[in-house]
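The following exercises are to be worked through with the sequence and the coordinates at hand. Each task is followed by a solution in steps.

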Amino acid sequence: MSDAYPAESIYNLLPREEVDIQKPPRYTSKFRERVKKDAQKDKAANRTMGPAKVEVPSPENYLLKHSKEPRLPDKGDVLDFAEKPFTHKDDERKKPRVPAKTDHPVMGIQTKKNFITANAIENIMAVPKKPQPTYVDTRRGDKQPLETSGLVPKFVKKKDYGHTPEYLLQRKEEVRRAQEEYDEYVKERLRQGAMKQLSEEERETVLQGLKQNWEVLHRQYQGLSVVTDTTPKKNRKERLELQMKQLEGNIELVEKHKTIYIANQ
């Protein structure tokens, strides 16, 4: 059953004593009276829409038209204590006025330089320009500049033409120095007995053994099934390919180096 209708019980028939629940007093701020006084103090201050007594303007001092607009001072007005007329800052940089139609130019003034004589002397002393070298590449006479065509042997006439560049000589010297250091290290290890050099017969024997092992693996690889549809077939094929690749790398390494050293165990 729901909580609104509890189950019937004999104890519910007994009269119960009513309990009076005492509520705590309501909270009241200690600034309540002060706030009331402050609200009543300025409540009716401006009820008359402004001050009650206002000075009435005189009819003689009426507002003139455009009297409140900003005005620039006239040039004739006195602006400072020196009693100077008004001048703009850029008056000195202004160009002279355009001459009027009735103005006549001043005649008889000559400049110090005689341009006619100067131009004649410059042309007499000038060096004639050399024609630009060109070449014709079509039967119609189409010309192209010869300097950028690649037909002029400019690089052959250089002072260092045919000489080995400096950076190649430096790199060759570094390689030679590194080879000498490696040879000294090998000789020192050989004297200590930590390494031994393979003879030509031993090197050839190792090379032939590697090639025979590769032939055996290659024969097994060729005997594989064409269709690799199962996991064991794929694994065997990959294993044979990996072994053959390792042998090919070893064979190439032995064939490339004529001198081989082996560390003593």
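**Exercise 1.** Determine which helix holds Thr-205, and classify the residue as buried or exposed.

*Solution.* In this predicted model, Thr-205 lies in helix H4, which spans residues 200-222. The relative accessibility of Thr-205 is 56%. The cut-off for an exposed residue is over 50%; Thr-205 therefore counts as exposed.

**Exercise 2.** Identify the backbone oxygen that the side chain of Thr-205 reaches.

*Solution.* The partner is the backbone oxygen of Glu-201, at 2.8 Å from the side chain of Thr-205. A polar contact requires N or O atoms within 3.5 Å, and the distance here is 2.8 Å.

**Exercise 3.** Locate His-66, describe its phi and assign its exposure class.

*Solution.* His-66 sits in the loop that runs between helix H1 (32-41) and helix H2 (115-125). Its phi is near 60°, a positive value in a residue other than glycine. Most residues other than glycine have a negative phi. With a relative accessible area of 49%, His-66 is partly exposed, because this class lies between the 20% and 50% limits.

**Exercise 4.** Summarise the protein chain: its secondary structure, burial, contacts and surface.

*Solution.* Five helices and four strands are present, and their order along the sequence is α-α-β-β-α-β-α-α-β. Of the 265 residues, 5% are buried. Among contacts with a separation of 6 or more, 47% join residues 24 or more positions apart. The accessible surface is about 27,500 Å², and carbon and sulfur atoms contribute 55% of that area.

Key
Residues numbered from 1 in each chain as written. Predicted model: local features only at pLDDT ≥ 70, side-chain atom pairs only at ≥ 80, totals over all residues. Heavy atoms only, no water. Helix = DSSP H or I, 4+ residues; strand = E, 2+ residues; numbered from the N terminus. Buried < 20%, exposed > 50% of the residue type's maximum accessible area, 1.4 Å probe, protein only. Contact = heavy atoms within 4.5 Å. Areas by Shrake-Rupley, 256 points an atom, 1.4 Å probe, with all protein chains shown as cover. Polar contact = N/O pair within 3.5 Å; in protein donor to acceptor, adjacent residues only side chain to side chain.
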